[in-house]
Amino acid sequence: MKRAWIIGVVVVAAVSAAGVLFGRDLYGYYRFGKALDGGADTLRVDAGPWPQPQETCFICHGPRGQSGNGGYPALSGQPAAYIEAQLRAFARDRRPDPYMGPLARGMDEKQMKLLAEYFARQAPVQNEKIRVDAALAARGMSVVQTRSCVACHGAGLTGNERAPRLAGQGEAYLADQLVGFRAGRRHDETGAMNGVAAALSDEDIRAVAHYLAGIAPMHAAAASTDHAPRLANHDEADLVKQITAIKTGNRADPAGAMHAAVARLSGDDIRAVAYYLANVSSRRDGGVR
C-alpha cells in the first residue's frame with residue numbers, strides 16, 4: 001500500500017513538473033492544431049471538399065486567384081458568368097490557348113460553375129504594385145474615358161457577365177491582350193474589343209495598361225452601388241491625397257468628371273480646397289466652422 005502511494009506521488013509530481021516545464025508549449029500546440037482545423041473547415045465551406053480543382057489554378061493565377069504576377073490575370077473578384085464563359089471558350093477552342101485549352105476540356109459544366117463561383121467570391125486585389133508614371137497614367141485614363149470602356153466593363157472597370165475586370169490586372173497581361181485584340185489573335189463575340197484595339201497605337205496600349213494596372217479594384221457589386229463620398233468635415237490630409245490622386249490618374253474616375261474638375265488645380269489650389277472642405281459645416285447653410 002505504501003509503495004503504491006509513493007508511486008502515485010511520484011507520478012503526480014512528474015506530471016506537475018512536466019506541466020510547469022512544458023505546459024505552455026503543449027497548450028500552444030493544442031491551439032495551433034485547433035487553428036489548423038478551423039482553417040481547413042473554413043476553406044471547405046468556401047471551396048468545397050477535397051480535392052479542390054481551383055488548387056490547380058493557383059500555380060499560375062495565385063492563391064485564391066490573387067495572381068501577384070503581372071503576366072497572369074487575376075481571377076479573384078471576376079464575375080462568375082464571365083469566368084464560366086471563358087472556360088467554355090477555352091474548352092471549345094474559341095479562345096485558343098495551349099495551357100488553358102486542355103485544362104478546360106477536362107472540366108464538366110458543374111466544375112466550371114463551381115470554379116467560377118469560387119473565384120468570384122474572392123476579394124480582388126492589384127496584381128502588382130507598380131511605380132506610377134503620372135504622365136503615362138494620365139494618357140491611359142484619357143484613352144479609357146474616350147473609348148468609354150466603362151460602358152462594357154462596368155463602374156470602376158470591375159467587370160460584369162459580359163466583360164472582365166480590368167482594374168488592378170497585371171500591366172504586362174493587359175498590354176498583351178490589347179495587342180492580341182489588335183492583331184486579331186484574340187476575338188470577342190461582339191467584335192467591340194477588336195475595333196477599339198485596332199485604333200490604339202503602341203504607346204496608347206502601354207499607357208492604358210499602365211493606368212488600369214494602377215487602379216485598386218473592388219467587387220463589381222460594391223462598385224455599382226458606390227456613391228459620391230461626403231466631403232464636408234472630411235480629413236484634410238486625405239482630401240489632398242485623394243484630389244491629387246485623381247489629378248495624376250492614380251485613382252479611378254470612370255466618368256471623368258472629377259478629373260476634369262481638378263486637372264487645372266495647382267498644389268496650392270488643392271490644399272486650399274481641402275482646407276475649406278475639411279472645415280466646412282455639414283449644415284445646410286454650408287458655413288465654415
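Buried means under 20% relative accessible area, exposed means over 50%, and partly exposed is what lies in between. Keep that handy for the exercises below, which all use a predicted model.

**Exercise 1. Place Glu 55: is this residue buried, exposed or partly exposed?**

Solution. Start with the address: Glu 55 sits in helix α2. Next, get the relative accessible area, which is 35% for Glu 55. That value falls between the 20% and 50% cut-offs, so Glu 55 is partly exposed. To finish, look along the chain to Gly 65, 10 residues away from Glu 55: the two C-alpha atoms are separated by 9.4 Å.

**Exercise 2. Do the same for His 61, and list what this residue touches.**

Solution. His 61 is also a residue of helix α2. The relative accessibility of His 61 is 12%, so this one counts as buried. Now for the company: skip residues up to four places away in sequence, and His 61 touches Gln 66, Ser 67, Pro 73, Leu 75 and Met 100. One of those names, Met 100, turns up again in a core of 14 residues, which we'll get to in Exercise 5.

**Exercise 3. Take stock of the whole chain: how many helices and strands does the secondary structure come to?**

Solution. Count the elements and you get 14 helices and zero strands. Reading from the N terminus, then, every symbol is an α: α-α-α-α-α-α-α-α-α-α-α-α-α-α. For burial, 36% of the 289 residues in the chain are buried. For contacts, take those with a separation of 6 or more; 66% of them link residues 24 or more positions apart. For the surface, the accessible area of the chain is about 17300 Å², and carbon and sulfur atoms own 60% of it.

**Exercise 4. Describe how α2 packs on α5, and how α6 packs on α10.**

Solution. Take α2 and α5 to begin with. Helix α2 covers residues 54–61 and helix α5 covers residues 109–121; their axes are 11 Å apart and the packing angle is about 55 degrees. That angle makes α2 oblique to α5. The handedness of this crossing is right-handed. On the α2 side the contact uses Gln 54, Cys 57 and Phe 58, and on the α5 side Leu 115, Tyr 118 and Phe 119.

Now turn to α6 and α10. Here the axes come within 7 Å and cross at roughly 100 degrees. An angle from 65 to 115 degrees counts as roughly perpendicular, so that is the label for α6 and α10. The α6 side of the meeting includes Leu 136, Arg 139, Gly 140 and Val 144, while the α10 side includes Ala 207, Val 208, Tyr 211 and Leu 212.

Zoom in on Ala 207, a residue of α10. Its relative accessible area is 0%, so Ala 207 is buried. Setting aside neighbours within four places in sequence, Ala 207 is in contact with Leu 136, Arg 139 and Gly 140. As a distance check, Ser 142 lies 65 residues from Ala 207 along the chain, and their C-alpha atoms are separated by 9.3 Å.

**Exercise 5. Track down the largest nonpolar core: which residues have the most contacts inside it?**

Solution. This core has 21 residues, and the ones with the most contacts inside it are Val 144, Leu 157 and Leu 212. Ask next who supplies the core: α6 (134–146), α8 (171–183), α9 (192–198) and α10 (202–213) each give at least two residues. The largest share, six residues, comes from α10. Then follow Val 144 outward: beyond four places in sequence, Val 144 is in contact with Cys 149, Leu 157, Val 208, Tyr 211 and Leu 212. A second core, separate from this one, has 14 residues, among them Phe 90, Met 100, Met 107 and Tyr 118.

**Exercise 6. Compare two non-glycine residues with positive phi, Leu 157 and Asp 93.**

Solution. Phi is about 55 degrees for Leu 157 and about 60 degrees for Asp 93. Find the loops: Leu 157 lies between α7 (150–153) and α8, and Asp 93 lies between α3 (80–91) and α4 (100–105). Finish with burial. At 2% relative accessibility Leu 157 counts as buried, whereas Asp 93, at 46%, counts as partly exposed.

Key:
Residues numbered from 1 in each chain as written. Predicted model: local features only at pLDDT ≥ 70, side-chain atom pairs only at ≥ 80, totals over all residues. Heavy atoms only, no water. Core = buried A, V, L, I, M, F, W, Y, C linked by side-chain atoms within 4.5 Å. Buried < 20%, exposed > 50% of the residue type's maximum accessible area, 1.4 Å probe, protein only. Helix = DSSP H or I, 4+ residues; strand = E, 2+ residues; numbered from the N terminus. Contact = heavy atoms within 4.5 Å. Areas by Shrake-Rupley, 256 points an atom, 1.4 Å probe, with all protein chains shown as cover. Axes fitted to C-alpha atoms, helices over the stretch in contact; angles between N-to-C directions. Parallel < 35°, antiparallel > 145°, perpendicular 65-115°, else oblique. Left-handed = near helix turned anticlockwise from the far one by under 90°.
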